[in-house]
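Please open the model in your viewer and keep the sequence panel beside it. The stops below are meant to be followed in order, with a selection to make at each one.

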Amino acid sequence: MTIIMHDLCGTDGRRFSPYCWRVRMALAHKGLDHETRPAGFLDIPKIAGGAFRTVPVLEHEGTVLAESWDIAVYLERTFPDRRSLFGGEGGMAVSRFVQGWADGVLQPAVAGLVVRDIAEHLGPEDRTYFIESREARYGRPLDDVVAGRAERVQDFRAGLTPLRRLLAHQPFLGGEAPLYADYIVFGAFMWARTISPFLLVADDDAIRPWLDRCLDLHGGLARNATGFYWQAAA
């Protein structure tokens with residue numbers, strides 16, 4: 001049975017969910033054939049009988065899963081003969097830490113710099129839903145959320161020092177080759193790259209070569225996706 005992945009999609013085919021990018025890269029890492037079905041925010045309640053409020057959602061041989069972590073673990077255990085996403089139980093444990101940092105620190109920081117730009121790449125109904133729901137979440141207009149980002153991005157970059165130091169010693173978080181930990185962190189940057197021209201890391205940042213290596217993985221899956229490059233913009 002075909003693996004089906006439901007993926008958040010904006011206008012012009014922009015696949016901008018960081019969590020969906022984790023799974024897209026994981027599926028490619030495993031070399032698994034699959035069908036990707038795009039969904040807008042207001043389409044999500046129609047998936048799998050309305051069982052889930054978010055994507056990604058993965059369907060495979062009667063199993064239906066949401067949550068990127070659960071999907072990655074399922075792929076690892078269901079297809080043990082394919083290239084490992086974790087490199088063993090130790091790698092899985094470390095990936096849990098990386099996910100905690102990405103979800104709790106990295107992605108909120110990215111959102112504070114680019115969240116307003118997401119609305120520019122949504123259809124009218126999704127745009128209205130997104131702006132209203134996010135402004136309710138933040139308690140202020142999205143313009144105010146990203147205000148001063150040209151200055152605030154310096155603090156964001158400083159917060160990437162642990163990542164920068166690790167990548168000074170090895171090409172990927174996984175070592176000589178990527179593992180799921182790479183996809184967790186890369187997903188946050190692909191989220192921004194897909195919907196915003198705002199420069200998160202400088203051209204000469206030591207993180208940039210890692211980002212380029214991730215863009216080129218799996219036949220350029222991420223590089224060929226609709227989005228921006230890493231150029232600066234206000």
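The tour goes from the whole chain to the sheet, and then to the helices.

This is a predicted model, in which local features need pLDDT of at least 70 and side-chain atom pairs count only at pLDDT 80 or more, while totals for chains, interfaces and linings use all residues. Residues are numbered from 1 along each chain as its sequence is written, and side-chain values use heavy atoms, with hydrogens and water left out.

**Whole chain.** Begin with the full protein chain, which has 9 helices and 4 strands (DSSP runs numbered from the N terminus, helices being H or I of at least four residues and strands E of at least two). From the N terminus on, the order of elements is β-α-β-β-β-α-α-α-α-α-α-α-α. Along the principal axes, the C-alpha atoms fill a box of roughly 50 × 45 × 30 Å.

**The sheet.** Next, select the 4 strands, which form an open sheet in the order 2-1-3-4 with mixed pairing (two strands pair if DSSP finds at least two bridges between them). Strand 2 (34–39) and strand 4 (63–66) are the edge strands, each pairing on one side only. From one strand to the next, the twist averages 20°.

Now select strand 1 (residues 3–8) together with strand 3 (residues 57–60), which pair in the antiparallel sense over 3 bridges. His6 has Val57 in strand 3 as its bridge partner, and Val57 also stands opposite Ala66 in strand 4. Strand 3 and strand 4 are likewise paired in the antiparallel sense, over 4 bridges; their hairpin has 2 residues between the strands, and Glu61 there takes a positive phi near 50°.

**Helix 2 and its neighbours.** Add helix 2 (residues 68–78), which lies across strand 3 and strand 4 and runs at about 140° to strand 4 (axes are lines fitted to C-alpha atoms, for helices over the stretch in contact, and angles run from 0 to 180 degrees between N-to-C directions).

Then show helix 3 (residues 89–118), which packs with helix 2 at an angle of about 165°, the axes being 12 Å apart. That angle makes the two helices roughly antiparallel, a label for angles over 145 degrees.

Which residues of helix 2 and helix 3 meet? Display Ser68, Trp69, Val73 and Arg77 in helix 2, which meet Glu89, Met92, Ser95, Arg96 and Gln99 in helix 3, where contact means heavy atoms within 4.5 Å.

Conventions: Parallel < 35°, antiparallel > 145°, perpendicular 65-115°, else oblique.
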